[in-house]
Amino acid sequence: MPGLKGPSDYSQEPPRHPSLKINAKQPFNAEPPRSALIASYVTPVDFFYKRNHGPIPVVDDIERYSVLIRGLIDNPRELFMRDIKMLPKYNVTATLQCAGNRRTAMSKVKTVKGVGWDVSAIGNGVWGGAKLADVLELVGISKLTSTTKSGGKHVEFVSIDKCKEENGGPYKASIPLSRATNPDADVVIAYEMNGEPLNRDHGYPLRVVVPGVIGARSVKWLDCINIIAEESQGFFMQKDYKMFPPSVNWDNIDWSTSRPQMDFPVQSAICSLEDVTAIKPGKVKVSGYAASGGGRGIDRVDVSVDGGKTWVEASRYQKPGAQYISDDMNSDKWAWVLFDVTVDAPQSTEIVVKAVDSAANIQPENVQEIWNLRGILNTSWHRVQVRVGHSNM
């Protein structure tokens, strides 16, 4: 990789905000306090969760940095930053969510393997860059193509970073060519986040953003793009980030029986209250986020103050002061909604939230129903406890 100075250890990690909850130091994985997520519709870069599988790469010569596009195509090409920036620039507002978001709650049912995320392995950003569909046209792949003349059906993104799961090789993931070449899928080769150049934690100089899909497919620190016939055979496509039933364990797992996870299911979480919060009797504001994958909007967010026996509907919004209508052309289809509702809490109780997306998908009531050995996709009802009348917990 021209222009690369890749650290083989963790000696050149970038600075991070002190309020982040560090779930792992090497590689660095951290999330913000849940209250930070509802402070703004667009998540500030400092409070966007950090998910890494190895040391953060360093690119020290941006003029020499390039991305090679190769594989089952007639015209392989090396693209430099100037080539990417000559293409039309798009700003796509999209929520990224780690597949392991809310893993700690799943692990309380039965231990799972993975980074112990609370509810904040999610964030909403404005990603600026070129659409992948436009980039692929530079190598002769037309928009809305599902198969190249040479049999390419998938687009593999290979990172600069190195990870132990790949035996020291690069992180890699793929998406179907049909999604990559569809302009409406809004897959972006991004060089900006929230109007500023990407920082190192989030993929500088270039990263892929695949809206509506688990974060594992939005590869950072892009090195090359391969047009391939089958799905990427990388570790994180074939032996991780797959959904299995509760009956599957590490003794009987057969990774080949499940496909790599793409769209994330409907999700919601309360961010204005911790897992256990002491409050005074009376009114309490319940706020948080709700999101669904695949470009599906949020039709409803329900909140209960009696553990799920009765429900009230919360208000939903994206941009402050603007009405949110699910799947409306003026709404950000790839982005979360924030919600809030004020309820009465005269006594200690359990407050619960659940969301319904525009396809009428609902969250499962109990985490036991969706427990899986890797602890991914915990989209069960989110529950918090309030202790009324106590000054401490």
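**Close-up 1. D118 in the loop between α3 and β8.** In this predicted model, D118 sits in the loop that runs from α3 (103–109) to β8 (122–131). Is D118 buried or exposed? With a relative accessible area of 16%, D118 falls on the buried side, because the cut-off for buried is under 20%. Look around D118 and, once residues up to four places away in sequence are set aside, you'll find it touching K21, E31, R34, N101, R102, R103, T104 and D275.

**Close-up 2. Q318 and its polar contacts.** Q318 belongs to the loop between β20 (315–317) and β21 (337–345). Its relative accessibility is just 3%, so Q318 counts as buried. Which backbone atom lies 2.9 Å from a polar atom of the Q318 side chain? That's the nitrogen of D332. The Q318 side chain also reaches the backbone oxygen of W336, at 3.2 Å. D332 and W336 turn up again in the wider contact list of Q318, alongside Y41, Y324, S331, A335 and V337; neighbours within four places in sequence are left out of that list.

**Close-up 3. K162 in strand β9.** Here we move to K162, which has its place in β9 (residues 154–162). K162 is partly exposed, with 44% relative accessible area. Leaving out neighbours within four places in sequence, its contacts are H53, G54, P55, G168, G169 and P170. Don't expect to fit D306 into this frame: the C-alpha atoms of K162 and D306 are separated by 48 Å, and the two residues are 144 apart along the chain.

**Close-up 4. The open sheet of five strands.** Reading across this open sheet, the strand order is β16-β23-β22-β18-β19, and the pairing is mixed. Which strands stand at the edges? They are β16 (276–279) and β19 (312–313); each has a single partner strand, so one side of each is left without a neighbour in the sheet. For β19, zoom in on its pairing with β18 (residues 298–304): these strands run antiparallel and are joined by two bridges. One residue pair to pick out is V303 with its bridge partner V312 in β19.

**Close-up 5. Two nonpolar cores.** How many residues does the largest nonpolar core have? It has 59, and the ones with the most contacts inside it are L132, V135, F157, L206, L222, I225 and Y289. A second core, separate from that one, is made of 23 residues, including I270, I279, V286 and A345. As background, nonpolar side chains tend to be buried together in soluble globular proteins.

**Close-up 6. The two annotated domains.** UniProt, in an unreviewed entry, lists residues 53–236 as "Oxidoreductase molybdopterin-binding". That span is 14% helix and 35% strand, and its end C-alpha atoms lie 10 Å apart. Residues 260–388 are listed by UniProt, also from an unreviewed entry, as "Moybdenum cofactor oxidoreductase dimerisation". Over residues 260–388 the chain is 0% helix and 43% strand, with 44 Å between the end C-alpha atoms.

**Close-up 7. Confidence along the chain.** The mean pLDDT of the protein is 95, and 97% of its residues reach 70 or more. Which element has the lowest mean pLDDT? That's strand β1 (residues 4–5), at 54, while strand β13 (residues 207–209) has the highest, at 99. Where pLDDT is low, the predicted coordinates shouldn't be read in detail.

Technical notes: Residues are numbered from 1 along each chain as its sequence is written. This is a predicted model: local features need pLDDT of at least 70, side-chain atom pairs count only at pLDDT 80 or more; totals for chains, interfaces and linings use all residues. Side-chain values use heavy atoms; hydrogens and water are left out. Helices (H or I, at least four residues) and strands (E, at least two) are DSSP runs, numbered from the N terminus. Buried means under 20% relative accessible area, exposed over 50%, partly exposed in between (1.4 Å probe, protein chains only). A polar contact is a pair of N or O atoms within 3.5 Å; within protein, one must be able to donate a hydrogen and the other to accept it, and residues adjacent in sequence count only if both atoms are side-chain atoms. Contact means heavy atoms within 4.5 Å. pLDDT is the predictor's confidence in each residue, from 0 to 100. A nonpolar core is a set of buried Ala, Val, Leu, Ile, Met, Phe, Trp, Tyr and Cys residues joined through side-chain atoms within 4.5 Å. UniProt positions are given in the numbering used here, feature names are shortened, and annotations may be inferred rather than shown by experiment. Two strands pair if DSSP finds at least two bridges between them.
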